[in-house]
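The following exercises introduce two topics, helix packing and ligand surroundings. Please inspect the structure shown below before reading each solution.

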Amino acid sequence: MGFPKKDEVRMTYRDILNESARRAGNCACVGLDPRPGNLPRKIVMDAGDHHGNLVRFFSILLKEAARRNLKPAAFKPNIGYWQCLDAPRKGDYQGSRALADVLDMVEELFPGVPVILDSKRGDIASSSTNYAHEAFNSWGAHAVTVSPYMGSDSVEPFASVGGRHRGVYVLNRTSNRGAQDFQGMDVRDRNDSGEKKEPLYMAVARRIVTWEKTYGGTLGAVVGATSPAELGALASFYADHEIPLLIPGVGSQGAGATDTVSLLRDSGYPVELARINSSSGITMPWKDTPAPDSWEDMCMDAWSRLLEETVL
Ligand SMILES: O=c1ccn([C@@H]2O[C@H](COP(=O)(O)O)[C@@H](O)[C@H]2O)c(=O)[nH]1
């Protein structure tokens with residue numbers, strides 16, 4: 001893989017986001033999460049050949065999207081969907097090889113479109129350093145998702161290994177039902193002198209802004225579209241700080257892209273820094289039913305709808 005390009009090294013990750021949104025004309029992020037059991041019948045030539053089946057499937061989709069000039073402003077593979085197809089103790093790396101080949105295709109067909117590796121890492125500093133190398137150097141990703149649960153020293157290695165041209169999206173207020181269990185807890189930040197309590201996701205948001213001051217143009221936040229009140233509050237808070245938002249939850253999880261864009265605009269948030277993600281809603285809109293013969297058009301319709309609904 002050829003990341004990073006020479007020009008990109010001179011840019012901050014925030015510059016890369018601004019530039020890719022300007023070129024694409026939208027703030028859409030297409031998720032790349034394969035589910036081998038739900039692939040169209042005609043694609044599956046041998047049920048055990050995950051590498052062949054996935055490369056065939058994504059090659060058809062990516063080439064057709066490029067032919068129709070359907071350029072999103074980011075791609076987001078979730079590493080778990082790919083690496084669960086490896087069987088390393090048997091010398092089998094089909095999932096990882098398929099992801100590598102698909103990322104090569106993305107780079108060739110959609111040059112300049114950032115890839116966000118959704119791996120949700122975060123560990124003691126020395127281990128985080130290795131995870132940062134995994135994302136930025138092994139996979140050549142432009143950005144990675146990171147959990148803040150272990151604190152500053154677990155997040156900072158991603159920013160220092162990545163440098164200014166790589167992004168670090170911190171899990172802030174996630175899109176799942178259980179997000180409220182901890183992220184919504186009222187807490188008092190010991191670093192603040194006040195006695196006032198606030199939801200944990202707001203305390204994390206303040207830290208993201210603090211980290212951003214040290215690692216300018218690189219820190220972002222993952223905030224789900226499924227909780228509009230929280231997304232609105234965080235988007236307003238981040239607006240002046242220009243913190244990039246990665247927003248999953250659109251499509252299969254029920255949130256609408258149009259509503260999400262309106263909410264961001266109403267919050268005064270610079271929409272070109274957001275990446276609104278839909279994964280299975282685009283690559284598997286038939287959900288758990290068998291893929292229809294018109295599967296390719298179905299995917300392209302969903303893909304182009306996301307781009308239209310997130311137009312800048
Ligand atoms: O809060 C979060 C953080 C990450 N995700 C990831 O995004 C995609 C969503 O997939 P859909 O098929 O569009 O529902 C998936 O990789 C999640 O792990 C999230 O959904 N919410």
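**Exercise 1: a helix pair**

Residues Y201, M202, A205, R206, I208 and V209 of α9 meet E230, L234, F237 and Y238 of α10, where contact means heavy atoms within 4.5 Å. The model is predicted, so local features need pLDDT of at least 70 and side-chain atom pairs count only at pLDDT 80 or more, while totals for chains, interfaces and linings use all residues. Residues are numbered from 1 along each chain as its sequence is written, and side-chain values use heavy atoms, with hydrogens and water left out.

Task: state how the residues of the contact of α9 with α10 divide into nonpolar, polar and charged.

Solution. The contact of α9 with α10 comprises 8 nonpolar, no polar and 2 charged residues. Here Ala, Val, Leu, Ile, Met, Phe, Trp, Tyr, Cys and Pro count as nonpolar, Asp, Glu, Lys and Arg as charged, and the others, Gly among them, as polar.

**Exercise 2: the ligand**

Task: identify which residues come nearest among the 15 around the ligand.

Solution. Step one: D33, S175, Q253, S279 and S280 come nearest of the 15 residues around the ligand; a residue is near a molecule if one of its heavy atoms lies within 4 Å of it. Step two: a polar side-chain atom of D33 is 2.6 Å from a ligand oxygen atom. Step three: for Q253, a polar side-chain atom lies 2.7 Å from an oxygen atom of the ligand. Step four: an N or O atom in the side chain of K76 is 3.1 Å from an oxygen atom of the ligand.

Technical notes:
Polar contact = N/O pair within 3.5 Å; in protein donor to acceptor, adjacent residues only side chain to side chain. Helix = DSSP H or I, 4+ residues; strand = E, 2+ residues; numbered from the N terminus.
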